[in-house]
Amino acid sequence: MTASAALRRVAVRGVLGVVLGGALGAWLAEARGGPFVAPHTLNDARWKVIVPGRNESIVDMRGRGTGITGGVMELVPHVFSRADMVVQRSPTPIARADITLAEDSGPLRLRLRDGPTLLKVDLAPGRSRLDAGEWRAHATDSLTILVADGVVRLGDVRIGLASAPTVEISAIDEPVRIRRITLTAADGTVVLDENPGPAWRESAPVVPGALLGAAVGALAAVGGWIGLVAAALPLGVLFAPTGTWLWLIETFRLVRASPWELATLVLLVTCVPVVGQALAASGRALPGGGAAERDPSPIWLAAPLVTAAFASRDATMATAVLLPFGLGFLYLPVFFARATRLDPRGILLRDLPAHALVGALGWGVGLLPALAWRLVVLVAGAGTLLRRSPRVAADALFLGTLALVPAAELAARSTWLDVAWDAAHLSGQEWMDPTPFWEDTCGSGARASVLYVGGSSTGGAYQFGGDGALFFPARVHEALCASGRSLHTRNTGRGGRDSFTVSRSIDALIAAHTPNVVVAYLGVNDLLTRESALTRAEREAIERDRSPTERAVDALASRSRLVTGLGLLGRPAVDLDAPHVPDVPLADAEVNLRRVAAATHAAGARLVLAPEFVAPETAPELAPYAALMARLGGELPGVVYVDVYGALAPYAAEGLLFDRNHLSHAGTARLAEVLAPVVAGLLAGPAPSSPPAASVAAPPAP
């Protein structure tokens, strides 16, 4: 076959690949493109998204699995916790709810809340059930719930009694896909109408899908049968369900990523073999040789310097350290060309993508994809290399593959993965840090010191956007300063902290801050957090019993971000149906609180025990914890119990909580009013030597 005939055949195959690939790409983008497009976040004016268990509203929706995608409103269960709960933002009670589910939707958990009344019903395509009972079949996937004369009905099925309910929805164990949900008030006013289909059709990625499909189709056609097989990889990625991307995100703690970003990245990576095969089939993966073409021109020799200038735009110590290694990496093709007797200008021309990646992404992140591109070129031109310089080819492939590991480690350390895959961060040792979340001083001369410890209700949670001046410790500080006191207040509250973490870090906190008064606002994270079949104390004992060799190996491996990240793959997902125990059961909480009391008493400080204020439906679970604090307040020297429930109950109608346990602005102000005189009295009194004589009542029954 002549060269012109071969060229015509390749051209025909390329055109055919473009046409078929473009058509297939456009169709797949319309039908399966949802995971590859940034989901539309739910309208904040209509919906409030809450993390179940922690009851925290979501500020950053990336990676949550809740949003508008593929023409439906989607709620995806998480791997290690329940799906987000989506709550009707408007306080207007509903008289009718019309819900249409997609045919492939999992069961929707719908809750109708009317003050203390909570009605639960599960809805699935063509069926429903009350309170996890038996499923009842329906003729249609569109279901209507009516509220009339204080009775709630689903068709002819009576759900329960409620006169002014609002709506909360969540997934159970499968992704929920809602085509439309309309909430209507008693006067016929539409309270909420979520119809995501039209908006999605306007943003469906048909054109990008057609372009990508045309490119892959052309490359696959040029690459022959192997190219067609390689093209099956991106097709497989397209058919991966959305839940797969969320599973990967949560498994590998890719908290700054999102399902669509991850899906798009994986799709692009799977196209790499097609590109490599097309290069190999073209026979031009590597240039030819020739004595006249051995020396590169000055322009090509200057190209690495230009790339290095772009890559070094961030003037840091790490950049300075990487600069000589990076320059050596960029100049390697010149030496490679000499060793293989190939045209250096042709080698440098093919290396332009590597230069572009390094220049655009910087040394830390750019070296990994640049190295990967060079390996693609080497593998595609392996036949030419093995004929011309087999030893050099083998060495180059071996060293390039070996260099992928340190390049990946460097890339991880140069991004937010440096924190996400930090072993100390993942093991939860951050609570040992005595650094305050917020602190402030007032007055002059000798200042008294007040230290606050607790979880997300004390500091660091979503409700005030991380503004420490809005949490109750700052409000107490403000009240005491206004009375003329000289004071230094420190708030060490953080999300997830409980009596276990406080008791293990109290010595460091006291040593760092020498407080006169310690205020402990605890309870929710002790009894209501259930992450394992073992308590925190039992997990601590297992860790303590590990051999020195195991600890040494673990310490060595934990220094690598890459090893730590890959190790997450072996982490078992939480089985939500398995029997889990509270992280800190009541007996353990007593041991922890006594330990905190002993440490504060030994330091000459006073301890205030205040149980967290929670919503009425949660209060019965925490009543024993409050009773424990009350008992310890009457037994231990220097310990005072504050009856938070009794003090705040008269004001519950003011909306003291944002959700079920995080205080609102009103709740923060009320709690500060309760604690300020207690703290002021302790600062004015003598150092403790015996149990206080304060008459502290046990918390009232919720």
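Helices (H or I, at least four residues) and strands (E, at least two) are DSSP runs, numbered from the N terminus. The model examined here is predicted, so local features need pLDDT of at least 70 and side-chain atom pairs count only at pLDDT 80 or more, while totals for chains, interfaces and linings use all residues. Residues are numbered from 1 along each chain as its sequence is written, and side-chain values use heavy atoms, with hydrogens and water left out.

A good place to start is Gly459, which sits in the loop between β18 (448–454) and α16 (472–482). Gly459 has a relative accessible area of 0% and is therefore buried (buried means under 20% relative accessible area, exposed over 50%, and partly exposed in between, with a 1.4 Å probe and protein chains only). Contact means heavy atoms within 4.5 Å. Residues up to four places away in sequence aside, Gly459 touches Phe437, Phe471, Asn491, Gly493, Arg494 and Gly495. Pro436 is 23 residues from Gly459 along the chain, and their C-alpha atoms are separated by 9.5 Å.

Thr668, in helix α25 (residues 665–684), is also worth a visit. Thr668 is buried because its relative accessible area is 1%. Beyond its neighbours within four places in sequence, its contacts are Phe464, Leu470, Phe471, Phe472, Arg475 and Leu663. Phe471 thus appears in the contacts of Gly459 and in those of Thr668.

Next comes a pair of helices. Helix α4 (residues 224–238) packs with helix α6 (residues 259–270) at an angle of about 170°, and their axes are 8 Å apart. Axes are lines fitted to C-alpha atoms, for helices over the stretch in contact, and angles run from 0 to 180 degrees between N-to-C directions. The two helices are therefore roughly antiparallel, a label for angles over 145 degrees (under 35 is roughly parallel, 65 to 115 roughly perpendicular, and the rest oblique). On the α4 side, Ala230, Leu233, Pro234, Val237 and Leu238 meet Ala263, Val266, Leu267 and Thr270 of α6.

Helix α1 (residues 3–32) holds Val15, which counts as exposed because its relative accessibility is 53%.

Taken as a whole, the protein has 25 helices and 22 strands. Of its 702 residues, 47% count as buried. Among contacts between residues at least 6 apart in sequence, 76% join residues at least 24 apart. The accessible surface comes to about 32,600 Å², and 62% of it belongs to carbon and sulfur atoms; accessible areas come from the Shrake-Rupley method with a 1.4 Å probe, and for residues only the protein chains shown count as cover.
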